[in-house]
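Here are a few worked exercises to try with the model open next to you. Have a go at each task before you read its solution.

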Amino acid sequence: PIRQPRTIKFDLNENDPNDQYARLYRDEVAAVIEDLALPRYGLANYLIKDAERVANERERKIINNLNRAGRRLIGFCRTNLFKRLESSGFSFLLSVERHILRNMVTLYALENGLPIPIGTQEAAMLDTAISDTEVEFLEEDGNESETVERLPEDEWAYTFTDNLDAYRARAKRVYEIYRTEFSRRFAWLDPKFFTPRLKNDLLNDAEALLTILRRAEFRWQPDRDAKLDALYRLLTETHPNDKVLVFTQFADTANYLGEQLQRRGLADLAVVTSQTPNPVAFARRFSPESNGGLKAGETELRILIATDVLAEGQNLQDAFIVVNYDLPWAIIRLIQRAGRVDRIGQKHDTILVYSFLPAEGVERIIRLRQRLLHRLQQNQEVIGTDESFFGEEVANKLRDLYTEKAGVLDEDEDEDVDLASIALQVWNSASAHDQKVALALPPIVSATRPLPRKEVEGEPPYPDPPGVIAYLRFPDGTDALVRVDEKGNLVSQSLVTVFRAAACAPDTPALPRAENHHELVAKAVQLAVQEQIQLGGQLGSLRSIRRRVYERLRRYRDHLRQNPTLFSADLLQRLETVINAIFRFPLKESARETLGRQLRLGITDKNLAELVIRLHQEDRLCQPTEETEPSEPQIICSLGLRMVEDVGGEEDA
């Protein structure tokens, strides 16, 4: 099918007092976010001078952890506030309220000389790729219930607390719950280790965030939600009878949309988030034909609102319309979302992908990101893939994204990325004739191209060695790209690196095969098979995500065995289960993306183990395949790389 990206625009009118989004998108709101100290995410900045010297062994471990965290958490937290503002005004205001409450919990402890509850100090654990809920402390305790109230039907609105004293009262109750029922979820540190400035910054941030609630007049009125109105029109006027798959990053936004669309009369609708007990059942109800049909008692759905828990691994091709209600800042997510309907079995010739951008507000949002980038660059607060969305070329990036320009998904050479999505971009950029010719090629076809001459001062004219690239497919369905040099030595088995090495323009002349071309292909196959036998299939190169996770979990398991007081027998058993699963089966796309991001963010072994165990329990970790004895892969094709000088007088290709 042809994929047609389309943009939904919702107007922002700053002169209209009823336009809630206009009030939130003003420069003053951005200034508040940029100026927040966010002290709970930078507690190391508030430690007294001799903290480590006066601390006992347990306290020193906590202090050292705070020092390692540095300032990365601050930037990550500030970035997520902008993400939620972009997603939904309601979700953003929920975040504002939660920040105020949690600041007051810490302030309550300081003012009363009580131990300070310290949640995770890892950027990795705050990444929205792990969870679609706004998790502050590893797990949400369920007792920080929002003060959000619904007014009567004739005055429908979500109202927020507008009194700092009310937050103080709630903070005391929440602290008592943390200290008793959920004490093991936190590290606890005596308030004597912190300077008085921590109190001041906590209170100043809380008061600054209250100004944002005041700008929203302490309520969010769905009937005045321009973005929600645009979605409603799409579902009732543009596509009144079609199946529509709506994606958002956040569970708060998904639940809000589901509640409000049902209130407006839309039926045959469901919401799926990470908290949904059986997401597969909803996928089947939305797309029964591609999932074996409805089960007894099930009814079919026309509209499915989901977070990225459904962005990978589900067959939803009964539909042909995907809506991105917000922009995932990891660009690859847009491709994965569309991939739920752009699948074998899709009966429509055209797939429609709608994405939301505010008509008059997008430039303002971009400028906010540019200002934020300047602040983050100064402090080096954010790492990971999210930062790739910022920069001087962000406006062009957005346009290229929606026109599916080839190369828009390119990342640094040393990063693991989704090769399938990059390859899809190359395929989509080819002409219909070239695609037809490619599909007609027989197996084991080979070609040879000249190595591009690269004149780099101080280096040989050809920095890339000649040799062969082989594209292989194993019986379990996994693919391999292997590059060897002219002597048969392995050059690279990084999928992205090899894929890019094969790139050349359509008018690149073909060269005759080297005399030892087939011998080199055989050597590539031998290396790939040996890799499979030694490392359980496609654990991959030393840099592959699957192998890095596997090796780290093995080391962590051995560490636990040597320190039996650190773990329970149940934990060790679950850890063994996931290690075996990773050894035997390839990772799912979403798991590979999530784990790769966490590795780059510096996740600890303990939290990595917890994350992998959770992904496995939710059936989001590995893609089981039928186990077979290691065997030779099928050779799909091969590409020779030759220096022009070596071809001599040969002319036939």
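**Exercise 1. How many salt bridges does a search of the whole structure find?**

Some ground rules come before the solution. This is a predicted model, so local features need pLDDT of at least 70 and side-chain atom pairs count only at pLDDT 80 or more, while totals for chains, interfaces and linings use all residues. Residues are numbered from 1 along each chain as its sequence is written, and side-chain values use heavy atoms, with hydrogens and water left out.

Step 1: Pin down the term. A salt bridge is a side-chain nitrogen of Lys or Arg within 4 Å of a carboxyl oxygen of Asp or Glu.

Step 2: Run the search over the whole structure, and 22 salt bridges turn up.

**Exercise 2. Place the salt bridge between Asp223 and Arg263 in the fold.**

Step 1: Check the distance: the closest N and O atoms of Asp223 and Arg263 are 3.0 Å apart.

Step 2: Find the elements. Asp223 is in the loop between β6 (219–220) and α9 (226–238), and Arg263 is in helix α10 (residues 251–263), so this pair, 40 residues apart, links distant parts of the chain. Helices (H or I, at least four residues) and strands (E, at least two) are DSSP runs, numbered from the N terminus.

Step 3: Look at exposure. Buried means under 20% relative accessible area, exposed over 50%, and partly exposed in between (1.4 Å probe, protein chains only). Asp223 counts as partly exposed because its relative accessibility is 45%, and Arg263 is partly exposed too, at 27%.

**Exercise 3. Which side chain meets Arg284 in a salt bridge?**

Step 1: The partner is Glu298, at 2.6 Å from N to O.

Step 2: Arg284 belongs to helix α11 (residues 279–286), whereas Glu298 is in the loop between α11 and β9 (303–306), 14 residues along the chain.

Step 3: Arg284 counts as buried because its relative accessibility is 10%.

**Exercise 4. Is Arg557 buried or exposed?**

Step 1: Arg557 has 12% relative accessibility, so Arg557 counts as buried.

Step 2: Now its neighbour. Arg557 forms a salt bridge with Asp558, with 3.4 Å between the closest N and O atoms. Asp558 is partly exposed because its relative accessible area is 31%.

Step 3: Follow the shared partners: salt bridges join Arg557, Asp558, Arg561 and Glu576 into one network.

Step 4: Zoom out to helix α19 (residues 545–562). Its 18 residues reach 26 Å from first C-alpha to last, close to the 26 Å expected at 1.5 Å a residue; the expected span is 1.5 Å times one less than the number of residues. Among the buried residues of α19 are Tyr550, Leu553, Arg557 and Leu560.

Step 5: Leu560 has a C-alpha 7.8 Å from that of Leu572, 12 residues away in sequence. Leu572 is in helix α20 (residues 569–584), and counts as buried because its relative accessibility is 18%.

**Exercise 5. What does Asp252 touch, not counting residues up to four places away in sequence?**

Step 1: Asp252 lies in helix α10, and counts as buried because its relative accessibility is 16%.

Step 2: With contact meaning heavy atoms within 4.5 Å, Asp252 touches Arg84, Phe90, Ser91, Leu94 and Arg98.
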